[in-house]
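Me: Please take a close look at one part of the structure shown here, and then set it against the rest of the chain.

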Amino acid sequence: MKPLRLSVRTKLTALYGGAFLIVGLALLIVNYLLVSSTLPDTAAFASDAAGIAVQRAYPMDTTTIMPVERAQATQLVATSITEYRSDVLSTLLWQSLVALAIAGALAVLLGWLMASRVLRPLHAITSTARKLEVENLDRRIDLDGPDDELKELADTFDGMLDRLAVSFDSQKRFVANASHELRTPLAVQRTLVEVAMADPDVGPEVRKLGEHLIYTNERSERMIEGLLVLARSDRGLAARGPVRLDEVTATVIRSASAMAEDAGVTVESRLRPRTVSGDPVLLERLVTNLVHNAITYNHKGGWVHVDLGVDPALVVRNTGPQVPLDAVPALFEPFRRLSGDRTGDSRNAGLGLSIVRSIAKAHGGTAGAEPGGRGGGLVVRVRLP
């Protein structure tokens, strides 16, 4: 059984209310003792009052009647004083307890309101922290008010966000610039190898080496292109526009038909009209990565099913080797692939699903996956607003 966890607001309210009740109870006890000490003593007051009463009743006879009458009067007055004293203290006690209970309830209510006001800056900090993502570090708390501990905490948090934003922006710019700069030398290398292999006098060993170099070069170009797309999507969308996702998906499926035919994979689709707000180039890349992955990581005679709807916006299912459930989250990390036994292809750098998730986040959506079940493969779901 988990221990009861109270919120800070509840703890502060209990602290305020408890302190008030303790002070009120102490005040009640002091008041009770003071009133009790000021009330007349029963024996002495009764004797004096009885003597005065008897003397007034029998002023001429103080020898025979007065002692008897005095004793009776003393007993009667003592009983009356005792009852009066008990009634006064009892009434004082109960009225004080009722007043203390009412004041305690008001103290708890005021304590709740005071705790809410005191914790309001902390709620602003928590809300800002929950809305922050790597792609959205431009939010700040900007807490107004006196220079107290809470404002110092909020300013420290804002300063940390400034440093994080600068760090992430520098990292993204470095990846984008490095990837862009690497494209030119790779293109030059590929051209040189292709020109060298075009020579009819090239021997078989040199030709085999050239084919290997071109294969490696193509893989490097795909990785750099993926890094560029990943860096672009991580920076977010500079502009948005209406995009017919069904038309984009149909175009991608048509362009992948030759690839599917060569792999012996059947591609089926069910496309319903769907318009989203976003970047058409990035959305096309998202669909392309999902369809190409579903074809590449499949087997001959397998199938790929593309379903376009409202929620989720896009679902891509495919057959293929079994995917362990605990290995699915790692597929969305950059440069992470399953073993070659599953993929059967080492040309890819492991950026496909990373780009899919990054593009989905840039559009305010999410991307997730799960194993395909008995038929193997993977089921990827993309949700877009």
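What is the relative accessible area of Trp-112?

Reply: This is a predicted model, in which local features need pLDDT of at least 70 and side-chain atom pairs count only at pLDDT 80 or more, while totals for chains, interfaces and linings use all residues. Residues are numbered from 1 along each chain as its sequence is written, and side-chain values use heavy atoms, leaving out hydrogens and water.

The relative accessible area of Trp-112 is 33%, so the residue is partly exposed, a class lying between buried (under 20%) and exposed (over 50%), with a 1.4 Å probe and protein chains only. Trp-112 belongs to helix H3, residues 65–131, helices being DSSP runs (H or I) of at least four residues and strands (E) of at least two, numbered from the N terminus. Together with Leu-109, Leu-110, Leu-113 and Met-114, Trp-112 makes a nonpolar surface patch of about 500 Å²; such a patch joins nonpolar side chains within 5 Å, from residues with over 30% relative accessible area and no salt bridge (Lys or Arg side-chain nitrogen within 4 Å of an Asp or Glu carboxyl oxygen), areas coming from the Shrake-Rupley method.

Turning to the interior, the largest nonpolar core (buried Ala, Val, Leu, Ile, Met, Phe, Trp, Tyr and Cys joined through side-chain atoms within 4.5 Å) has 39 residues, and Leu-286, Leu-290, Leu-314 and Val-382 have the most contacts inside it. Its contributors of at least two residues each include helix H6 (245–255), helix H10 (352–362) and strand E7 (378–383), whereas H8 gives the largest share, eight residues. Apart from this core lies another, of six residues, among them Ile-125, Ile-141, Ala-154 and Phe-157.

How values were computed:
Patch = residues over 30% accessible without salt bridge, like charges linked within 9 Å, V, L, I, M, F, W, Y side chains within 5 Å. Areas by Shrake-Rupley, 256 points an atom, 1.4 Å probe, with all protein chains shown as cover.
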